[in-house]
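Student: Hey, can we go through this structure together?
Tutor: Sure, have a look at it here and ask away.
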Amino acid sequence: MTRFTLTRRALGATGLAVLARPAFAQAAPIRIGELNSYSRMAAFAVPYRNAMQLAQDTINAAGGVMGGRRIEFVFRDDGSTPGDAVRVAEELLTRENVAFLAGTFLSNVGLAVADFANQRKRLFLATEPLTDAITMAQGNRYTWRVRPSTFMQTKMLVEAIRGRSAKRWAIVAPNYEYGQSAAANFKRLLPTAIPGAEIVAEQFPALGRVDAGATVGALGQSRPDGIFNVLFGPDLTAFVREGNTRGLFERRTVVSLLTGEPEYMIPLGEETPEGWIVTGYPWDQVESPPAHKAFVDAYRARVNDTPRLGSVLGYVTVQIIATLLNKANSLDNEALVDALADLRTDTIVGPVTMRGIDHQGTLGAWVGETTLRGRQGTMKNFRYADGADYMFPEEEVRAARRSA
Amino acid sequence: MTLLAVDRLTKRFGGVLAAKDVSFALNVGEMLAIIGPNGAGKSTTFNMVGGQLRPDGGRVTLAGQDVTGLPPRQVCRLGVGRTFQVAQTFLSFTVLGNVQMALIAHHRQTRRLLANAAAMHREAALALLDRVGMAAQAARPVGELAYGDVKRVELAIALAAAPRLLLMDEPTAGMAPAERAALMALVAGIARQEGIGVLFTEHDMDAVFAHADRILVLVRGEIIARGTPEEVRADPEVQRVYLGHSGTRAAARARRAADG
Amino acid sequence: MEWDFLLVQALSGLASASSLFVMASGLTIVFGVTRIVNFAHGSFYMLGAYVAVTIVPWLLEFDRSPWLFFAGVLASALAVGALGVVMEVMLLRRIYRVPELFQLLATFGVVLIVQDLVLLAWGPVDIPGPRAPGLRHGVYIFDQRFPAYELFLIFVGPAVLALLWLLMRHTRFGVLIRAATQDREMVGALGVNQAMLFTGTLFLGAALAGLGGALQIPRISANPQMDLSVITDAFVVTVIGGMGSVPGAFLAALLIGQLQAFGVLVFPKITLVLVFLLMAAVLVVKPWGLLGKPETAAGRTVLPEGILDPRPLDLAGKVLAALALAAVLALPLLDAYAVKVGTEVLVLALAAFSLNFLVGNGGIVSFGHAAYFGLGAYGAGLLVTKAGLPMEPALVAAPVAGGAFAALFGFFVVRLSGIYLAMLTLAFAQIAYAVVFQWVEVTGGDNGLVGVWPSRWAASREVYHYLTAAVTVAAIILLRRVIHAPFGATLRAARDSAPRADAIGVDVRRHRWLGFTLAGAAAGLAGGLYAFSKGSIDPTLLGIPLSVDFLSMILLGGIQSVLGAVAGATVFHAVKDFFMPLTDHWRLFLGLSIIAMVLVFPRGLAGAWTELQRFYARVHRLFTALRKWAERQP
């Protein structure tokens, strides 16, 4: 794959790109452009790509799509900025002749590529960006999102604490859109689960630069009964260690977004706190559907590493794409978009439907409690929360997308 | 007619009194030298006149106008040109470009956005360079010149503002003896010809006694003597604290040269 | 609030201050001696953490004793110090004679390389370090629990300060460091082996950074984003303290530590910008930081770095410019993607040119030029998305917005000089970034705003390309004209000698201010064009990385050349665009390319071009002489 790209680039550099363009024969593979933060967000994006390649090879080995055509992903780094990403998207469309686009990690990058796709009238499958805006206020005809959004995941967590006695809540979230919108969603949903609950403190440390001591001190001072955490990555590790030592989490309900994902749990190691209510992916304990087990085995055999949440997302995305291509049986983007509406795919985690009114996939997440097993964290008492149960209400979608 | 009047100028740096009640006057076309040992407050006094330092007390009057505490650029606009102890020129410019720049500033054209600076005031700049004897080197970068020539260019720059008063802080510092005499003769000639007043400080006693009309002697921030070269030379206090033997010798040499 | 809580919060602040000081002290020492603004300092910090999470657990396998833990931390610091020596010997030593800004660019290349090498060596997953044996617990301070390790950290800062003090007072090496910090020429004059001094200084600086990183492993996991997250903090500490002043850095770290600890209580959302507000305030009041000394640069005796004597283009230059213009016009014949890249290059070339108008022509080094680029983009983008105006008036608004903010910030910026000026531009850029980032209702926050597309007539790639070409080429020609005009000459004059400029009647500050505004307006125009080429605006357009990109472009092009910025922008963008699709490790190749160019063309592409012309002239002379000799032969 890499070698092929290299040759093409070398040709392009000598001005022969035009000649090198493959003629589109009937048997030519279907090329799909996938851009993501492979360089800056490698912990997520590389397992994601590994799974996509696995899925691609599996599907091609089983006879491909649309009656025998192979699929072929063209992977590109999106540079982690909207400016770079839009250029890369343009390159994928013009030079690599991809049928449509998929990918992106950061929300601002996802939104910029979504608007670009709308402008160029090409399908864009936003796989990872979590921002609600991409399917709501800034949604467009050509953009569809696979992962459960910030709202959905927050709703799953709030559901899990329904009826608890904790009334005083503190929020800690990274100071950017994802953190702020998670906090806003939590504030909105909390009273529905715990009547009379109130927010007593909010902390918004800068992303990647949490001053853990000061933040933990400030949260503790507000004497909350419960804490809603949105920190992830290095911020989370620092926060958990500081909180453990200072006893911030003792006798408190802690609800935490994404913490159960292997991407963020592995670095916690033996510091993994006990009993946090989290969304995540306990890959080694997921029993159904049976296809999941087969996926885990195939992934481990191929990559020599355990699957991450990114791996699941990558594999599911390719499965949805294959179903889409088979259903549309055309590479015309208008036909693809029409076919995607309410498209149901049986994936390795169960059925996923791309809901037509807001272009949101019903992929769910596993909700459960953190626990330490040996020197590594994992989840217990978890269940798979089907995304279909946590979507935005339809009237709200219609109002938001009308104003867009 | 008084061109510059300095009245009880005072400046402190921390606890040190760098200038204390310094008063003097300078007439049109007159060359007035300030001498004194290192750290006597010559440069301080100088910079208060030129606007580089703001005095703590006292007044500076230029042709009847109070210029105390004005910044250098405004002092310049009132007809004061100056040279620095370590020559200050625009190193990236040619010799000609330096003088052109000064003329552009003098004509208040520095904010023009579209004119071609290299074509402006060429003739006038060449004429100024001719007066200081540098016309032949007009095209050279100023950074390549010998130090004495840089000082001449600096003089041309100062003259570009058509000054009534020239402030020259140690004009001959760092120059070879032959160059010094030539530069001072040049300055004196221009000053007399055009009626420009010159206030200068100098360590080279030959230069001072050969060209100054009057001399101020500054010691530890205070003027201890003033007068014509003869009067200053004869002042026993000056001889004791400052001039010493070499100063007296220089004064004698200067007198011989003047008589001869 | 109870006072025991306030006490504990203050202790948290002290612990952060200690960590901050240990890391920043190395940066300030290196700057003091070598005058290099070492961007790679954050990389050393990151390497310190990575080395420590590798060797400390290995040591603790033998015995879980505190002594082995700290031996591991020290060993990590020494290992990183050795890496500092490697960087000095292999890279910096070769470029001490090149302009200071080039050294900065080289260290930036090192940052990019280290980022990817760390990913290759340790992988992308954050690595948690072990806690310090014996200091795992919390200590009760009244009824508040406080980590014992942080109590220990509180004492590390003063201990390092004391050790540095002893080093500076009582060793020959330390005396030389102090001497060099005060007067670099003097050290050369004293016949000191400068190479050894610089190597030693880089060792000390890198080791301190490594120590800073290694000490953090019980608190934070080693992660590939550590370098950039600390380097700005380190800059802020050294600048507030006064560059080169170790006690100043200590004072600044204390100040920032407490400000953070109590700031989060009062303004929980202001963490992004608090330190930069402090830095801007300090610099406006104390232009050389708390304990810094004014730079002794009354008048220049050496040629300034930058545009010297701009001349009309010679024949070769004209041919080159014509070829470049022809290439711009012919791009749409090549392929669609080339047009896209070409449009971006044009926009970046204008932005870079406007920066070099400041840096090369005015000697005003801005580390925050992207702010005006981004504010121009926002000026245009907001008019389109919020006011519903079409592209044309929005493109007029872009330079107005860029220029207006440049005028506002420039008013304070031009009061400073040198590195402090550069740091104030950085602070203002970060403040603007934070406002755009947080003012979600208007700017869309970090998600930005989409839907900034050109008017219908300019919607196609090709037409927009030609529109961009017309606007940027016209703007560049105009700015070039200004460089040749009295205003440009006045900025150069003020750069060469501010006292001289003042003495001929030039209001130096006001001219610099106008120059800053003009450059900001040009950058704003570029930003507006960029927004319409992408369809969206977001805060990264104002970010430090983009400012650094602009600096890299003009340095690659050669700041002494009027048109070098254009070449620099072209090559920089082309290199990035070439490597990005090729490999995940494009930063490694970009960094290597930058360093190679600094080593091979220490005066940028324009410098290389001049060399080439000189070489050609020599060959030509030789050839003429040969021919004459041949003609004389019977």
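Student: How many residues do chain C and chain A each bring to their contact?
Tutor: Chain C brings 57 residues and chain A brings 65. Two residues are in contact if their C-beta atoms, placed from the backbone, lie within 7 Å. Keep in mind that this is a predicted model, where local features need pLDDT of at least 70, side-chain atom pairs count only at pLDDT 80 or more, and totals for chains, interfaces and linings use all residues. Residues are numbered from 1 along each chain as its sequence is written, while chains are lettered from A and ligands numbered from 1 in the order in which they are written.

Student: Which element gives the largest share of chain C's side there?
Tutor: That's H1(C), with 7 residues. Other elements giving two or more residues include helix H10 (246-266) and strand S2 (144-147) of chain C. Helices (H or I, at least four residues) and strands (E, at least two) are DSSP runs, numbered from the N terminus.

Student: And what classes of residue are on that side of chain C?
Tutor: There are 26 nonpolar, 18 polar and 13 charged residues on the side touching chain A. Ala, Val, Leu, Ile, Met, Phe, Trp, Tyr, Cys and Pro count as nonpolar, Asp, Glu, Lys and Arg as charged, and the others, Gly among them, as polar.

Student: OK, new topic. How many residues of chains B and C are in contact?
Tutor: 34 residues of chain B meet 27 residues of chain C. On chain B's side, H3(B) supplies the largest share, 6 residues. By class, that side has 19 nonpolar, 10 polar and 5 charged residues.

Student: Where does that leave chains A and B, how far apart are their nearest C-alpha atoms?
Tutor: 33 Å apart, and the two chains do not touch. Of the 2 pairs of chains that touch, A and C have the most contacts.

Student: What domains does chain C have?
Tutor: Domain 1 (22-223) and domain 2 (315-611), with bounds from an automatic or database domain assignment. Their centres, taken over C-alpha atoms, are 34 Å apart. Still, 17 residues of domain 1 are in contact with 18 of domain 2. Domain 1's side of that contact has 13 nonpolar, 2 polar and 2 charged residues.

Student: Last one: why does Glu394(A) count as exposed?
Tutor: Because Glu394(A) has 11 C-beta neighbours inside 10 Å. A residue is exposed if 12 or fewer other C-beta atoms lie within 10 Å of its own, buried if 20 or more do, and partly exposed in between. Glu394(A) sits in helix H14 (residues 394-403) of chain A.
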